[in-house]
Amino acid sequence: MKIKALVTLFLIVLFCTGCQKEKDTEKPKVAVVISTLNNPWFVVLAESAAENARTLGYEAKIFDSQNNPAVESDNFENLISSGFDAILFNPTDADGSVSNILKAKEAGVPVFCMDREVNSNEAATSQVLSDNYSGCVELGIEFVKALNEKGKYVEIIGLVGDNNTWARSGGFHSVVDKFPGFEMVAQQSGDFDRNKAMEVLETIMQAHPDIDAVFCGNDAMALGAYQALQSAGKADKVKVFGFDGADEVIEKIAEGKIVATGMQYPKVMAETAAKYADEYFKGKRDFPQRVPVEVELVVKENAKRFLNDK
Amino acid sequence: MKNIVLIILIAILAYNSVYFEKLSELADSGTSEFNFGAYADSLYNQGILKNDEAVNLEVLLNELKTDKDLAFKNYGNRLGIGSSAFFMTKIEGEVIAKTELGLKVRTPSKQVVEVDTKFIFGNAIRDASQLVQLTDFKTNAEFNALSEALNQIIREKEIPVQLEKINQGDHVSVTGALKLSKNQELPIQLLPVKLKRQ
């Protein structure tokens with residue numbers, strides 16, 4: 001009887017040791033939570049982040065928040081309970097996403113934001129963000145020069161709850177508003193969406209058929225705006241400006257159909273966030289709260305360089 | 001009579017139930033009460049103007065030819081990740097033209113430098129000064145608001161007064177921010193912080 005008990009005890013100890021060893025050798029898991037995978041730009045960001053995490057030796061899984069804070073919140077609860085060790089995060093909302101990051105923080109899971117900023121300095125471990133403001137200052141200067149300091153224009157902004165929307169708009173207006181020859185006839189949200197921007201501009205042009213330019217908060221909306229102008233037979237007269245550095249827009253810039261865009265570097269942001277997670281696993285704790293990533297101006301003169309770089 | 005009162009009541013209710021707010025006002029509603037103007041004024045007068053660390057443009061261009069990375073490291077400032085940097089540089093030379101953009105100055109080494117007094121925008125001067133760190137402000141929006149306040153002082157107050165005293169043919173010294181990139185050749189164009197007739 002005693003021998004039976006001893007054997008059972010031995011087996012239990014052996015089993016537990018085995019479990020421990022398995023846990024020790026298990027790769028840390030990195031979750032990549034993305035605002036939406038319904039936009040090619042964010043697909044590049046997500047896949048680059050996951051690929052970089054895998055290259056560094058970690059398991060990686062992508063979660064799609066479908067631009068919905070409630071889905072994002074569910075994603076966080078699932079990944080925390082599933083034992084993920086770090087999150088590379090592209091938030092849906094500058095304010096609304098803070099509570100999700102804090103949940104992860106409370107569970108001891110570091111969060112590294114990519115591309116979109118949240119309104120807190122105490123939540124994320126670090127935030128790697130495009131320098132949207134500076135990029136749009138350069139676009140603003142290009143806008144003023146291209147239009148000879150005067151004209152009526154439309155601004156199609158992105159999601160109202162996203163800080164990038166206002167950083168871009170702010171950079172642009174910090175320049176253009178200093179030139180009294182400009183009149184902004186409408187400022188409306190196109191939700192960073194191509195079709196929505198097209199519809200928005202079509203409606204605006206009914207009231208303002210004599211616009212000279214359209215400034216869009218991203219390239220998807222610039223393409224939508226260009227489409228609306230083409231349908232109205234005004235693509236040659238109205239100057240379009242975008243932001244992102246999408247291939248299709250750069251090609252149009254090279255052809256002289258769109259004036260300029262700001263080249264963002266999602267792969268650099270993803271790589272930096274994955275590198276930070278790796279450093280965190282290795283013991284580093286003092287990360288800069290915000291790391292701006294340069295945005296470069298793309299105009300007809302240098303468009304080919306950006307196409308060749310891809 | 002009853003109907004008129006009812007219509008008035010409905011009109012009042014309808015008027016007060018709809019509230020229009022500009023999108024930009026909505027975005028500004030969270031702006032802090034920090035006095036960016038006063039901070040920028042102090043940064044310009046006590047910091048930038050008193051700082052004598054600007055590198056001579058000729059020295060910088062020579063060092064860039066010898067070792068680009070080292071020149072960027074020694075004299076440039078890039079906050080975050082990127083291939084370009086901002087440099088606080090100084091030149092002396094003859095004003096060969098007063099243009100719509102500002103001045104064209106020919107240095108003793110015959111280099112013609114554009115001094116752009118029109119497009120003093122963005123973070124060029126703030127970053128070239130190397131006097132402000134990313135951690136000095138809580139949000140990117142505040143950090144950028146400082147640049148706007150600083151640019152406003154320089155572009156709208158200080159430089160126009162200094163520019164007025166300068167004519168074609170004058171010998172001048174100029175200190176200003178210069179953007180250079182490791183990836184592409186950018187025009188040598190200074191955003192001035194100080195113009196002085198010699």
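Contact here means heavy atoms within 4.5 Å. The views below show a predicted model.

**View 1. Helices α3 and α7 of chain B meet along a shared contact.** On the α3(B) side, the contact residues are B:F36, B:G37, B:Y39, B:A40, B:D41, B:L43, B:Y44 and B:I48. They meet B:E142, B:A145, B:L146, B:A149, B:L150, B:I153, B:I154, B:K157, B:E158 and B:Q162 of α7(B). By residue class, the contact of α3(B) with α7(B) holds 12 nonpolar, 2 polar and 4 charged residues.

**View 2. The axes of α3 and α7 of chain B cross at roughly 60°.** Helix α3 spans residues 36-48 of chain B, and helix α7 spans residues 140-164. Their axes come within 8 Å. The crossing angle therefore makes α3(B) oblique to α7(B). The crossing of these two helices, α3(B) and α7(B), is right-handed.

**View 3. B:D52 sits in the loop between α3 and β1 of chain B.** Strand β1 covers residues 55-56. B:D52 has a relative accessibility of 65%, so it counts as exposed. The cut-off for exposed is over 50%. B:A40 lies 12 residues from B:D52 along the chain, and the C-alpha atoms of the two are separated by 18 Å. B:A40 is also one of the α3(B) residues that meet α7(B).

**View 4. Chain B combines 7 helices with 7 strands.** From the N terminus, the elements run α-α-α-β-α-α-β-β-β-β-α-α-β-β. Chain B has 198 residues, and 41% of them count as buried. Among contacts in chain B with a separation of 6 or more, 67% join residues 24 or more positions apart. The chain exposes about 11300 Å². Carbon and sulfur atoms supply 52% of that area.

**View 5. Helices α7 and α8 of chain A cross at roughly 45°.** Helix α7 runs over residues 194-207 of chain A, and helix α8 over residues 219-231. Their axes come within 7 Å. The angle makes α7(A) oblique to α8(A). The crossing of α7(A) and α8(A) is right-handed. From α7(A), the contact draws on A:R194, A:A197, A:M198, A:L201, A:E202 and A:M205. From α8(A), it draws on A:A220, A:M221, A:L223, A:G224, A:A225, A:Q227, A:A228 and A:L229. The residues of this contact between α7(A) and α8(A) divide into 10 nonpolar, 2 polar and 2 charged.

Terms used:
Residues are numbered from 1 along each chain as its sequence is written. Chains are lettered from A and ligands numbered from 1 in the order in which they are written. This is a predicted model: local features need pLDDT of at least 70, side-chain atom pairs count only at pLDDT 80 or more; totals for chains, interfaces and linings use all residues. Side-chain values use heavy atoms; hydrogens and water are left out. Axes are lines fitted to C-alpha atoms, for helices over the stretch in contact, and angles run from 0 to 180 degrees between N-to-C directions. Helices (H or I, at least four residues) and strands (E, at least two) are DSSP runs, numbered from the N terminus. Angles under 35 degrees count as roughly parallel, over 145 as roughly antiparallel, 65 to 115 as roughly perpendicular and the rest as oblique. A crossing is left-handed if the near helix is turned anticlockwise from the far one by less than a right angle, and right-handed if clockwise. Ala, Val, Leu, Ile, Met, Phe, Trp, Tyr, Cys and Pro count as nonpolar, Asp, Glu, Lys and Arg as charged, and the others, Gly among them, as polar. Buried means under 20% relative accessible area, exposed over 50%, partly exposed in between (1.4 Å probe, protein chains only). Accessible areas come from the Shrake-Rupley method with a 1.4 Å probe; for residues, only the protein chains shown count as cover.
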